[in-house]
Amino acid sequence: MSNDNLKPCVQAVESNQQALEELQFVLQLSQGQFSLVLAKCNYGFLRHGLKAKLLELSPNIQELNLEPSVTKLYSRIREIQGEQQFSGLVVYGLESVRNIKQLLLSLNPVREEFRKNCHFAVILWINDDIFRLFKRLIPDFESWTTRIVFTIPAPLLLRKLKYNSDILFTKILELGYSSRFLTYDKLFDPNERLEILAALRDLENQEQQLDLALQASIEFAQGRKLNRKPEIDNVLAHYQKSLELWQELAQEIPTLEL
């Protein structure tokens, strides 16, 4: 990874220093007793940077990367725990679990088992979608949790969206005519679509406007992500909106007089 690509990640991590310190404090406070933390973060590259920073601050915590096929979180935790008591456990991969609803529903019946057998903080990295499922499916369990939110400032979100759109167009141009058969998910990690939608929501919440070029690129990318027959009407709507925005932008560019 180039230094230019590392800068946004470093800046995003630095902007979350207070939330990181809060997480570290919860870890220290939970020594010898169970607590459950929902660490809400919508962006993979930010989670990656925070993971490294958290290990620097609390080097003795354990990690669990969930397999997509897992259906019971408590059983998986106890399996790796054995007879030892961790200083803390950080769980990654919930966003990739195939049957996430089943996994979440399996938590309610074992709430007291967590208290009896897990005398440490369990930190679950989640995104907005999983948090909504927590509140809808297991509100009693969710009420037990401490929630810590990790966000990205608007200028970095705008840079991320522009970077993603530039990469998309670059790949399409490199593939040429054959790229017409490839959806966005074939060109990017499937979770990238969720991250872009989250970025758009976060920017709206921060009352940040996208310039016309970025709006047009996002509309094109949205159409590319839905490039399947059952969604053809939505595909065409996104492409049409993208075209209209590009045309509006072209009208704003002054023509050169020769």
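**Helix α2**

I started with the buried residues of α2 and listed A19, L20, L23, Q24, V26 and L27. This is a predicted model, so I keep that in mind for every entry here. Looking down the axis of α2, I found its buried residues within an arc of 155 degrees, so they line one face of the helix. That fits the usual pattern: an α-helix has 3.6 residues a turn, so residues three or four places apart point the same way. On the face turned away from the buried side of α2 I noted the exposed residues Q18, Q28 and L29.

Next I checked the length of α2. With 13 residues at 1.5 Å a residue, α2 should span 18 Å, and its end C-alpha atoms are 18 Å apart, which agrees.

Q24 caught my eye in that buried list. Q24 sits in helix α2, residues 17–29. Is Q24 buried or exposed by its relative accessible area? The value is 17%, and buried means under 20%, so Q24 counts as buried. What does Q24 touch, leaving aside neighbours within four places in sequence? I get L57 and S58.

**Cores**

I then pulled up the largest nonpolar core, which has 34 residues. The residues with the most contacts inside this core are L46, I123, W125, F150 and L161. Which helix gives this core its largest share? It is α2, with five residues.

I followed I123 a bit further. Setting aside its neighbours within four places in sequence, I123 is in contact with L23, L27, V37, A39, L89, V90 and V91. Two of these names, L23 and L27, are already on my list of buried residues in α2. Apart from the largest core I logged another one of 31 residues, with L66, L107, F120 and F134 among them.

**Aromatics**

How many aromatic pairs does the structure hold? I count seven. I looked at Y74 and F114: their ring centres are 5.0 Å apart and their planes at 70 degrees, so I wrote the pair down as edge-to-face. Y74 belongs to helix α4 (residues 73–81) and F114 to helix α6 (residues 111–117), so the pair ties together parts that are 40 residues apart in sequence. Both Y74 and F114 are buried.

The ring pairs go on from there, linking F34, Y74, F114, F141 and W144 into a cluster. I checked W144 for charges over its ring and found two arginines. R111 lies over the face of W144, at 5.0 Å from the ring centre. R115 also lies over the face of W144, at 4.2 Å from the ring centre.

**Loops**

P109 is in the loop between α5 (100–105) and α6. With a relative accessible area of 67%, P109 is exposed. I also looked up how P109 sits relative to F141, one of the rings in the cluster. P109 and F141 are 32 residues apart in sequence and 9.6 Å apart in space, C-alpha to C-alpha.

Last entry: E207. I found E207 in the loop between α11 (191–205) and α12 (212–225). E207 has a positive phi of about 55 degrees although it is not a glycine. Is E207 buried or exposed? Its relative accessible area is 71%, so I put E207 down as exposed.

Methods:
Residues numbered from 1 in each chain as written. Predicted model: local features only at pLDDT ≥ 70, side-chain atom pairs only at ≥ 80, totals over all residues. Heavy atoms only, no water. Helix = DSSP H or I, 4+ residues; strand = E, 2+ residues; numbered from the N terminus. Buried < 20%, exposed > 50% of the residue type's maximum accessible area, 1.4 Å probe, protein only. Contact = heavy atoms within 4.5 Å. Core = buried A, V, L, I, M, F, W, Y, C linked by side-chain atoms within 4.5 Å. Phe/Tyr/Trp six-rings, centres within 6.5 Å; stacked < 30°, edge-to-face > 60°. Lys NZ or Arg CZ within 6 Å of the ring centre and 35° of its normal. Expected span 1.5 Å × (residues − 1). Arc of directions from axis to C-beta.
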